[in-house]
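Please open the model in a viewer and keep the selection tool at hand. The stops below follow one another, each giving a selection and an account of what is found there.

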Amino acid sequence: MKPWEKFEIEVADALEQAGWNCVRCCYITNEKTTSQVDIIAVSNYGVLSVECKSHTLDVLMKSKYGDNLIGYKSNRKIFDEDVLKQAENHKSQVFLSAVKLEERLGRTIAPVYSLIVFNRIDKISRIRDDFSNSIFEKQELTTENIIERLCHFKVYDDNEVTQITEHFKQFSDTSEERLNQHINYLKQCKETQSGLWDENCPV
């Protein structure tokens, strides 16, 4: 098992213990683009689109792709992938998929929250305040912390939680074959500047 895969499982376990139903490795397709979301978590308090980073976060920093985009530094290595933009994109894809449930549930879908989980955070420079509550250490994944920092009120009953969880299970595929397909898809998008890839904003 790869380190990042082990970390995703640990994050999912922590969220499950905090009362969230977790679905791993979801491939969400909207408008002919596909996003791979590490974990989608569902509870009475809403839906989380979770990005897992099995690194120790040293500091957030400005990305070379633009003044408003953020990369991060970990163990002296620069990750200039703009993790915050990636998380926001995935959150939007999860929300667009959830909206398809509105007719079945007979109600409006509540906002989806973005959650970025690092293995450990030594220090952090919060350049953009609107993202500060989205960044967690794995050990911070408690019911109280998530409710306090992200989703403050219950928005779904137990039956709705079950239906939403089942909806996202259809997109789950933890096989290595499917992951490799997605990696090749991203490479093709980058080469052709199409799909999920934008030259000014790497996915």
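**Stop 1: Ser 97 and helix α2**

Select Ser 97, which is buried at a relative accessible area of 1%; buried means under 20% relative accessible area, exposed over 50%, and partly exposed in between, with a 1.4 Å probe and protein chains only. The model is a predicted one, in which local features need pLDDT of at least 70 and side-chain atom pairs count only at pLDDT 80 or more, whereas totals for chains, interfaces and linings use all residues. Residues are numbered from 1 along each chain as its sequence is written, and side-chain values use heavy atoms, with hydrogens and water left out.

Ser 97 belongs to helix α2 (residues 83-99). Helices (H or I, at least four residues) and strands (E, at least two) are DSSP runs, numbered from the N terminus. Extend the selection to the whole of α2: its end C-alpha atoms are 24 Å apart, which agrees with the 24 Å that its 17 residues should span at 1.5 Å a residue. The expected span is 1.5 Å times one less than the number of residues. Colour the buried residues of α2, among them Val 83, Leu 84, His 90, Val 94 and Ser 97.

Now show the side chain of His 167, with which the side chain of Ser 97 makes a polar contact at 2.9 Å. A polar contact is a pair of N or O atoms within 3.5 Å; within protein, one must be able to donate a hydrogen and the other to accept it, and residues adjacent in sequence count only if both atoms are side-chain atoms.

**Stop 2: helix α5**

His 167 is one of the buried residues of α5, a set that also includes Glu 160, Val 161, Ile 164 and Phe 168. Measure α5 from its first C-alpha to its last: its 12 residues reach 17 Å, close to the 16 Å expected at 1.5 Å a residue. Next, select Asp 157, which caps the N-terminal end of this helix, with a side-chain oxygen 3.1 Å from the backbone nitrogen of Asn 159.

Which residue forms a salt bridge with Glu 160? The partner is Arg 107, and the closest N and O atoms of the pair are 3.4 Å apart. This pair links distant parts of the chain, since Arg 107 lies in the loop between α3 (102-105) and β7 (112-121) and Glu 160 in helix α5 (residues 158-169), 53 residues apart. A salt bridge is a side-chain nitrogen of Lys or Arg within 4 Å of a carboxyl oxygen of Asp or Glu. Glu 160 is buried, with a relative accessible area of 11%, whereas Arg 107 is partly exposed at 25%.

**Stop 3: further salt bridges**

A search of the whole structure finds eight salt bridges. Select Lys 6 and Glu 10, whose closest N and O atoms are 2.5 Å apart in one such bridge. The two residues are four apart in helix α1 and are therefore separated by about one helical turn. Lys 6 is partly exposed at 45% relative accessibility, and Glu 10 is partly exposed at 24%. Add Lys 138 to the selection, as Lys 6, Glu 10 and Lys 138 are linked in a network of salt bridges.

Move to Glu 176 and Lys 2, whose side chains meet in a salt bridge (3.7 Å, N to O). Glu 176 lies in helix α6 and Lys 2 in the segment before α1, so the pair ties together parts that are 174 residues apart in sequence. Glu 176 is exposed at 51% relative accessible area, and Lys 2 is partly exposed at 41%.

**Stop 4: the second largest pocket**

Keep Lys 2 and Glu 176 selected, for both line the second largest pocket, together with others including Trp 4, Arg 24, Tyr 27 and Asp 173. On a 1 Å grid over the protein atoms alone, a pocket is an open set of points where a 1.4 Å probe fits, with protein on both sides within 12 Å along at least five of seven lines; lining residues have an atom within 4 Å of a point. About 150 Å³ of space lies in this pocket. At least two lining residues each come from α1 (3-17), β1 (21-30) and α6 (176-192).

**Stop 5: the whole chain**

Finally, return to the full view, where the chain has six helices and eight strands. Buried residues make up 46% of its 203 residues.

How values were computed: Grid points are joined across faces, edges and corners, and a volume is the space filled by probe spheres set on the points.
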